Amino acid sequence: LSTSLLYSSSTSTSATLQAGQTHAAALEGGEMHVGTARVLRADLPFDSGVIHELGSVMAVLHFAREAHEEQVWKKSLQPAPRLVVVTAAGAATTSDYELHGCLLHAATGQLLPDALRGHVRSLQPRLHQSQVQQVTFSDLCVMTKPPSLQRRRGAGLDDGANRYRLLFSLWNSSTLSYVSWQHMPTPLLIRNSFHMLPPEEKAYRRQEYARSRSGGGTARRAAAAP
């Protein structure tokens, strides 16, 4: 078991790993559950702290690819965020689980409902093998309109009103609850239009658009173009 789990079964409602993933902790039927696992024994002391014995491996979320910081309102995030979801062989079916993207305002931490489009992905059940799934949010868009910024290059870069954080959460559709979540380390700065992006981001998007055109790309890629 990991020694980095910061969890107290008597006082906490979540458990956070040093890598940044947080797991919800709750009593269910008189038993303590953390994330997707049941706690068998808690607070077992050892030289460097305490160990918690779990009934199964907890689901792990980590990023295979992050979106860039500079993004455009109502355009798909570039590049599309990609997460890897890892669960143990023989774990409960993942058909009850979905992966949700959520948007937080960076300055206030406020969760913004209905701020994203293309932010839900179902996980596929694989009960007889280790479950490692890559989930790509190809159509993920920020629909919350950012405050207007001046069009002068560099203007408003320090304006926190346009800065957001992406949070990806594992949703249990049977219990209607979030059981685990992970922040994308890269924050988002949302621009009103392609023309307000810095030159290097414009160049990246034009290059990706040209590559998709030359390779027979789909209209989905065209969202990266001005």
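Here are three short exercises on salt bridges, each with a worked solution.

This is a predicted model, where local features need pLDDT of at least 70, side-chain atom pairs count only at pLDDT 80 or more, and totals for chains, interfaces and linings use all residues. Residues are numbered from 1 along each chain as its sequence is written, and side-chain values use heavy atoms, with hydrogens and water left out.

**Exercise 1.** Find out how many salt bridges a search of the whole structure gives.

*Solution.* Start with the criterion: a side-chain nitrogen of Lys or Arg within 4 Å of a carboxyl oxygen of Asp or Glu. Run that over the whole structure and you get six salt bridges. One of them joins E31 and R38, at 3.5 Å from N to O.

**Exercise 2.** Work out which strands hold R41 and E53, and how exposed R41 is.

*Solution.* First, the contact: R41 and E53 form a salt bridge, 2.5 Å from N to O. The pair links distant parts of the chain, with R41 in strand β4 (residues 37-46) and E53 in strand β5 (residues 49-54), 12 residues apart. Strands here are DSSP runs (E, at least two residues), numbered from the N terminus. Next, accessibility: buried is under 20% relative accessible area, exposed is over 50%, and partly exposed is in between (1.4 Å probe, protein chains only). R41 has 47%, so call it partly exposed.

**Exercise 3.** Locate E69 and its partner R163 along the chain.

*Solution.* The closest N and O atoms of the E69 and R163 salt bridge are 2.8 Å apart. E69 sits in the loop between β6 (60-65) and β7 (70-72), while R163 is in strand β14 (residues 163-172), 94 residues apart. R163 is partly exposed, at 22% relative accessibility.

Technical notes
Helix = DSSP H or I, 4+ residues; strand = E, 2+ residues; numbered from the N terminus.
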